[in-house]
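Got the viewer open? Grab your selection tool and we'll walk through this one stop at a time.

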Amino acid sequence: MSQPEAPHPNTPEPGAQGQPVSHARVAGHPTREGGVAGPPASEAAAKKPREKLIDATTWKFAIVGVINTIVGTTVMFLAYNWLGFGYWVSSALNYIIGSIVSFFLNKYFTFQNKERSLKQVVLFIANITICYLLAYGMAKPIIYNVLEGVSVTVADNVAMGLGMVLFVILNYAGQRWVVFRKP
């Protein structure tokens with residue numbers, strides 16, 4: 001067995017008069033607490049793969065979104081323009097029907113989530129509700145201010161279109177990072 005190399009006799013000990021004391025942990029070396037230090041935080045962060053904002057999950061969400069958009073938009077505009085339902089009822093029908101389709105497609109296809117829990121269903125409903133109210137609640141006043149002088153029917157139809165765009169952005173964030181978040 002070899003002996004550890006002794007420090008040079010002219011090398012002062014850390015903490016000796018005028019010498020700085022390093023409190024940094026060195027990976028693989030004992031700590032004051034009796035454990036062994038792990039890699040520095042920056043090294044550990046570098047080893048963790050970064051989640052891309054646009055990846056396969058994003059594209060799957062987009063495919064499901066196209067399906068939901070076709071179903072929901074058809075329901076919404078038929079309800080408003082043919083059945084005579086108002087702005088809020090028509091847009092709500094879009095999201096009630098589209099959300100049922102969305103839950104199952106996103107859960108199993110997009111996010112491949114096998115969890116079966118009431119909490120997840122409640123989070124999904126809360127996410128859809130919050131995103132809907134924010135998106136459509138912002139869209140109508142924005143469009144009414146921008147398109148002054150046009151008929152209510154035109155303004156409502158354009159507002160519903162803007163509401164859809166805002167909803168998609170908010171809903172994606174909520175589903176990916178809250179409802180179907182990977183542990």
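Start by selecting V71: at 32% relative accessibility, this residue counts as partly exposed, a label for anything between buried (under 20% relative accessible area) and exposed (over 50%), with a 1.4 Å probe and protein chains only. V71 lies in helix 2. Now add V101 to the selection and draw a distance between the two C-alpha atoms: V71 and V101 are 30 residues apart along the chain, and those atoms are separated by 8.9 Å.

A quick word on what you're looking at: this is a predicted model, where local features need pLDDT of at least 70, side-chain atom pairs count only at pLDDT 80 or more, and totals for chains, interfaces and linings use all residues. Residues are numbered from 1 along each chain as its sequence is written, and side-chain values use heavy atoms, with hydrogens and water left out.

**Zoom out**

Switch to cartoon. The chain has five helices and zero strands, and read along the sequence the pattern is α-α-α-α-α. Both kinds of element are DSSP runs numbered from the N terminus: helices are H or I with at least four residues, strands are E with at least two. Of the 183 residues in the chain, 28% are buried. Turn on a surface and you get about 12,600 Å² exposed, with carbon and sulfur atoms supplying 68% of it; the areas come from the Shrake-Rupley method with a 1.4 Å probe, and for residues only the protein chains shown count as cover. Among contacts (heavy atoms within 4.5 Å) with a separation of 6 or more, 63% are between residues 24 or more positions apart.

**Helix 2 against helix 3**

Select residues 56–81 for helix 2 and 87–110 for helix 3. Their axes come within 8 Å and cross at roughly 155°; axes here are lines fitted to C-alpha atoms, for helices over the stretch in contact, and angles run from 0 to 180 degrees between N-to-C directions. The two helices are therefore roughly antiparallel, the term for angles over 145 degrees, while those under 35 are roughly parallel, 65 to 115 roughly perpendicular and the rest oblique. The crossing is right-handed: the near helix is turned clockwise from the far one by less than a right angle, whereas anticlockwise would be left-handed. What classes of residue make up the contact of helix 2 with helix 3? It has 14 nonpolar, 11 polar and one charged, where Ala, Val, Leu, Ile, Met, Phe, Trp, Tyr, Cys and Pro count as nonpolar, Asp, Glu, Lys and Arg as charged, and the others, Gly among them, as polar.

Next, pick F104 in helix 3, which is partly exposed at 48% relative accessibility. Its C-alpha atom is separated by 9.9 Å from that of V64, 40 residues apart along the chain.

**Helix 3 against helix 5**

Keep helix 3 and add residues 152–179, which are helix 5: the axes come within 12 Å and cross at roughly 30°. That makes helix 3 roughly parallel to helix 5. Show sticks for Y87, N94, Y95, S102 and N106 on helix 3, and D156, A159, M160, M164, F167 and Q175 on helix 5, which make the contact. They divide into six nonpolar, four polar and one charged. Helix 3 passes helix 5 in a right-handed crossing.

**Two last stops**

Is T57, in helix 2, buried or exposed? At 15% relative accessibility, T57 counts as buried. Leaving aside neighbours within four places in sequence, T57 is in contact with T110, F111 and R176.

Finish at Q112, in the loop between helix 3 and helix 4 (118–146). Phi of Q112 is near 45°, a positive value in a residue other than glycine. Q112 counts as exposed, at 51% relative accessibility.
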